[in-house]
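Hi,

Here is the structure I promised to pass on to you. Have a look at it first, and then read my notes below.

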Amino acid sequence: MEWRKCYLDVLLVPLGLFFSMVYHAWLWHKVRTQPLSTIIGINVTGRRFWVLAMMKDNDKKNILAVQTLRNAIMGATLMATTSILLCSGLAAVISSTYSIKKPLNDTIYGAHGEFMMALKYVTILLFFLFSFLCHSLSIRFVNQANFLINTPQDPTNVATPDYVVEVLEKGSMLNTVGNRLFYTALPLLLWIFGPVLVFLCSITLVPLFYNLDFVPPTRKGKVNEIGNREFESV
């Protein structure tokens, strides 16, 4: 009887998350092996050249560098605030004496017992908590880059442009991971209404991510040619 109630949750929810994990593992492989075929790889290259340009002519571009990094910090702060607010709301629902599952018993597929409802809320809560953690660490690293990018360049300075690029990339990567955890948690919110919606939404996000993460075929050749010339000039 228990299997009949929860078999959809056991099959569809992990399957939807599995498709997302496989896609992001493939994306990570592409970023490592063919960076200029992905938007992430192009952004990494662009940020590197941006840092070098800002530190080379720091006297004239120091305000521009600070304002740009400040905008990045504001974006990460917004996502961190949204994540922790959702965590607070979920924690309030979990600790509430009101049982939210009562009006949904006859309208959702899958299990809706006390244990399964608790598992749903705790799983969603963990995703948002890790998203908040990644965004908080991202703010920390971007703040460090904000100070280091304006340090004077002399032989005794250990904050070299390569080091500043490394710090900024850590912040950018943590921001990307936090965003992806946040986006993955959004379909899980639909788990309250049953596992079918979670699976359908997770499958829908994969082609959406693909269109956002990869360079269109019509522009890939041009991007590769420009990237190769830039790498040769460095």
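**A buried glutamate and its partner**

E169 is buried, with a relative accessible area of 15%. Keep in mind as you read on that this is a predicted model.

What does the side chain of E169 meet in a salt bridge? The partner is R47, with N and O 2.8 Å apart. E169 belongs to helix α5 (residues 161-189) and R47 to helix α2 (residues 39-56), so this pair ties together parts that are 122 residues apart in sequence. Is R47 buried or partly exposed? It counts as partly exposed, because its relative accessibility is 24% and buried means under 20%. E169, at 15%, falls under that cut-off, so it is buried.

**More salt bridges**

If charged pairs are new to you, here is the basic idea: side chains of opposite charge can pair when their charged atoms come close. The count for this protein comes to four salt bridges.

Another of them joins D162 and R48, whose closest N and O atoms are 3.1 Å apart. D162 sits in helix α5 and R48 in helix α2, so here the pair ties together parts that are 114 residues apart in sequence. D162 is partly exposed, at 45% relative accessible area, and R48 is partly exposed too, at 31%.

The side chains of E166 and K170 also meet in a salt bridge, with an N to O distance of 3.9 Å. Where do E166 and K170 lie? Both are in helix α5, four residues apart, which is about one turn of the helix. E166 has a relative accessible area of 42% and is partly exposed; K170 is partly exposed as well, at 39%.

**The overall build**

Now step back and look at the whole chain. The protein has seven helices and zero strands, so if you read the elements from the N terminus on, you get α-α-α-α-α-α-α. Of its 234 residues, 38% count as buried. The accessible surface comes to about 14000 Å², and 68% of that belongs to carbon and sulfur atoms.

How do the contacts spread along the sequence? Take the contacts between residues at least 6 apart in sequence: 78% of them join residues at least 24 apart.

**Two buried residues to click on**

Try M54 in helix α2. M54 counts as buried, at 4% relative accessibility. Which residues is M54 in contact with, leaving aside its neighbours within four places in sequence? They are K61, L64, A65 and I149. The C-alpha atoms of M54 and I149 are separated by 7.5 Å, although the two residues are 95 apart along the chain.

Then go to D213, which lies in helix α6 (residues 195-213). D213 is buried, with a relative accessible area of 3%. Not counting residues up to four places away in sequence, D213 touches Y23, L27, T38, I39, I40 and R180. Between the C-alpha atoms of D213 and I40 there are 6.7 Å, and along the chain these residues are 173 apart.

**Aromatic rings**

R180 turns up again here: it lies over the face of F209, at 4.6 Å from the ring centre. R140 lies over the face of F141 in a similar way, at 4.9 Å from the ring centre.

What about rings meeting rings? A pair of aromatic rings is described by the distance of the centres and the angle of the planes. The count here is 10 aromatic pairs. One aromatic cluster is formed by Y23, W26, F128, F182, Y183, F209, Y210 and F214. So you can find F209 in this cluster as well as under R180, and Y23 both in the cluster and among the residues that D213 touches.

**A nonpolar patch on the surface**

Last stop: the outside. I94, V122, L126, L129, F130, L133 and L137 make a nonpolar surface patch of about 570 Å². Which helix gives the largest share of the patch? It is helix α4 (residues 114-148), with six residues. L126 lies in this helix, and L126 is partly exposed, with a relative accessible area of 42%.

Have fun looking around!

Terms used. Residues are numbered from 1 along each chain as its sequence is written. This is a predicted model: local features need pLDDT of at least 70, side-chain atom pairs count only at pLDDT 80 or more; totals for chains, interfaces and linings use all residues. Side-chain values use heavy atoms; hydrogens and water are left out. Patches are made of residues with over 30% relative accessible area and no salt bridge: like charges are joined within 9 Å, nonpolar side chains (Val, Leu, Ile, Met, Phe, Trp, Tyr) within 5 Å. Accessible areas come from the Shrake-Rupley method with a 1.4 Å probe; for residues, only the protein chains shown count as cover. Helices (H or I, at least four residues) and strands (E, at least two) are DSSP runs, numbered from the N terminus. Buried means under 20% relative accessible area, exposed over 50%, partly exposed in between (1.4 Å probe, protein chains only). Rings of Phe, Tyr and Trp (its six-membered ring) pair if their centres lie within 6.5 Å; planes under 30 degrees apart count as stacked, over 60 as edge-to-face and the rest as tilted. A charge sits over a ring if NZ of Lys or CZ of Arg is within 6 Å of the ring centre and within 35 degrees of the ring normal. Contact means heavy atoms within 4.5 Å.
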